[in-house]
Amino acid sequence: MMDINLVIGGAAGQGLNTLETLMLPVLKEAGFHLFAAKDIMSRIRGGVNLVTIRVAGQEKSGYRQKSDVFIALSDEAFAWAENRLTLATILIGPATVLDKWREKWHKNRRYVLESKSPGAEPMPLNMVVSGLIAGFLRLDFSLLAEKNTLLFDAQGEARVAANQAALQAGYAQGKIIDGLEVERWSDAGEYSLMNGSQAVALGAVAGGCNFLSFYPMSPATGVAIYLAQRAGDFGLVVEQFEDEIAAAGASIGAWYAGARALVTTSGGGFALMEESISLAGMSETPMVLHLAQRPGPATGLPTRTMQGDLNLVLHAGHGEFPRVIFAPGTLAEAFYLTRKAFNLADKYQLPVFILTDQFFVDSYTCLPRLKADGIETTYHVVKTESDYRRYELTSSGVSPRGIPGHGNGVVIANGNEHDEFGDTTEDEQLSQRMPEKRMKKMEALAGESLAPGFGGHEEYKILLICWGSTYSTVREAVDVSGRDDLGLLHFSQLWPLPADLDSYFQKADRIIVVEENMTGQFAALLQQLFPGNRFESMLKYNGRHFYVEDIVEKLEAL
């Protein structure tokens, strides 16, 4: 078989995260393409967590709903994931769990999971399951044993040995399950395994980032944790501040002093940062901000996903000033666009936002090895002369940016309206010319806007549009649907948009924007900018990512 969709469910505290950490590198090294996503409840203990691991013999990163194998570690997990089961799903779990569901799912193939030998202490269930997966996929057990030692060696020989016994017990049980062997992926050695947080973090480092400020807020904290753990390797200063307001302010100060700073946050934290974002707009200080979306308003669903903050980012801050918004569709794009964000922020002296979401940053997949070359990291700081004018009026709107101490000039940053030197002014003419100077940058930025990526059939009648994290799932749904009248347009840059999009729109009888919010925020933006067309919406907003099956079902109904 070419791929299986494996769903594992259990209570928080049963070690699903550890299972994922152990198994994903093992599966990758064994020669599979992987895609893994989390479904997490926002509580410390109890509730239900699900881990989905798609093991494939070719590139497959769409998020499938239906499970080929479901491993339930608790009764609650079975109930929670029932909408992901079919009569073909293989059920695995402790006898106490399977027995409760025997009547309803009696036609399914099932295997009882044993985690305790007679008279012995129970083994760690997550390790038994790890061994079981390795067994039914026919992996070399030594891969599992080596990874167990590597991961748990610091916790002592007893822990390694206990895990090893549980892995072996599970492996033996998995070996008796047949029909689940997946073909190996010939390109596995050319790809890396990574999650979205790591891709954004590494893109920042490649872009010259040397300062990270943040206040913890899921799901954005993963970027900060990854960089904090490697700050020494990357030459980074990482600082957790007392709140988001301080984190944003520190970022502006760092850029003013010549650093390249990143802020990472989520919707509620971003809202607190808006005044600082306005300060960056008025003072023309570069800023790169990663916003990992989650459902709001307020605390909303703090561990789940949504594309609900586009309007927030698009209109963030009081007053009018230019900005750029990226929304990567793949992990590779997250790396390259984050890197590009630093160059753009430096070049045009404005905020650049990288818009991801919980699904994106917490998902793992295999991606082509990232390359540090090919995109030049450019710096735009000038050495100041004694007559330096920080806000010099130029035809492009971009003034030469100096930093204190680099040259003989005085460098003033001002949150009030100001003259060319940076001194506060209420001069009638300057109070008009300065905003015009700042907004003038949009002309050049529009010329540098990324064109959307096109897929599907050239002679399409229906044009699907998506943005950000939905790309892989929508792309697979288009393939699965088998329709020859579908085109797909994916936007990785949401603002500013290229002007020449009408050629895509005019070919279509229907244009449908797929996005994970309730009001169709991107569809509304397109409708405003391209009023001669009619943009319909295909929406999901329950805190869960679109499944491939969701899109296919909706396409069949068109």
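**A parallel strand core and its surroundings**

Residue L91 stands opposite R110 in strand β6. Strand β6 covers residues 110-112, and β5 pairs with it in the parallel sense over three bridges. Two strands are taken to pair if DSSP finds at least two bridges between them. Helices and strands are DSSP runs, numbered from the N terminus: a helix is a run of H or I of at least four residues, and a strand is a run of E of at least two. The model is predicted, so local features need pLDDT of at least 70 and side-chain atom pairs count only at pLDDT 80 or more, while totals for chains, interfaces and linings use all residues. Residues are numbered from 1 along each chain as its sequence is written, and side-chain values use heavy atoms, with hydrogens and water left out.

Strand β5 also has a partner in β4. Strand β4 spans residues 69-72, and three bridges join it to β5 in a parallel arrangement. In this pairing, I71 stands opposite I92 of β5. Between the two strands, the chain passes through helix α2 (residues 75-80), and the resulting β-α-β crossover is right-handed. Right-handed here means that, with the strands pointing away from the viewer, the path from the first strand over the helix to the second runs clockwise. A second right-handed β-α-β unit is made by β5, helix α3 (residues 95-100) and β6.

How are the two faces of strand β5 (residues 90-93) covered? On one side, I90 and I92 are buried; on the other, L91 and G93 are buried. A residue counts as buried under 20% relative accessible area, as exposed over 50%, and as partly exposed in between (1.4 Å probe, protein chains only).

The backbone shows several features in loops. A cis peptide bond runs from S218 to P219, with omega near 5°. P219 is found in the loop between β8 (211-214) and α8 (221-229). Another cis peptide bond joins G296 and P297, where omega is about 0°. P297 belongs to the loop between β11 (287-293) and α12 (310-314).

Positive phi values also occur in residues other than glycine. E284 has phi near 55°. Its loop connects α11 (267-283) and β11. E284 is buried, at a relative accessible area of 0%. Q349 has phi near 60°. Q349 lies in the loop between α13 (331-348) and β13 (351-357). With a relative accessible area of 3%, Q349 is buried.

Aromatic side chains form 17 pairs in the structure. Rings of Phe, Tyr and Trp (its six-membered ring) pair if their centres lie within 6.5 Å; planes under 30 degrees apart count as stacked, over 60 as edge-to-face and the rest as tilted. W185 and Y191 make an edge-to-face pair, with 4.5 Å from centre to centre and 65° between the planes. W185 is buried at 7% relative accessibility. Y191 is buried at 12%. The ring centres of F270 and F353 lie 5.5 Å apart with the planes at 70°, so this pair is edge-to-face. F270 is in helix α11 and F353 in strand β13, so the pair ties together parts that are 83 residues apart in sequence. F270 is buried, with a relative accessible area of 0%. F353 is buried too, at 1%. One aromatic cluster is formed by F35, Y63, F359 and Y547.

Arginine side chains sit over rings as well. A charge sits over a ring if NZ of Lys or CZ of Arg is within 6 Å of the ring centre and within 35 degrees of the ring normal. The charged end of R260 sits over the ring of Y379, 4.1 Å from its centre. The charged end of R323 sits over the ring of F321, 4.4 Å from the ring centre.

The whole protein comes to 19 helices and 22 strands. The C-alpha trace spans about 85 × 60 × 40 Å along its principal axes. What is the radius of gyration of the protein? The value is 26 Å, which agrees with the figure near 24 Å for a compact globule of 558 residues. This radius is taken over C-alpha atoms, and the globule rule is 2.2 Å times the number of residues to the power 0.38. Of the 558 residues, 58% count as buried. Contact means heavy atoms within 4.5 Å. Among contacts between residues at least 6 apart in sequence, 74% join residues at least 24 apart.
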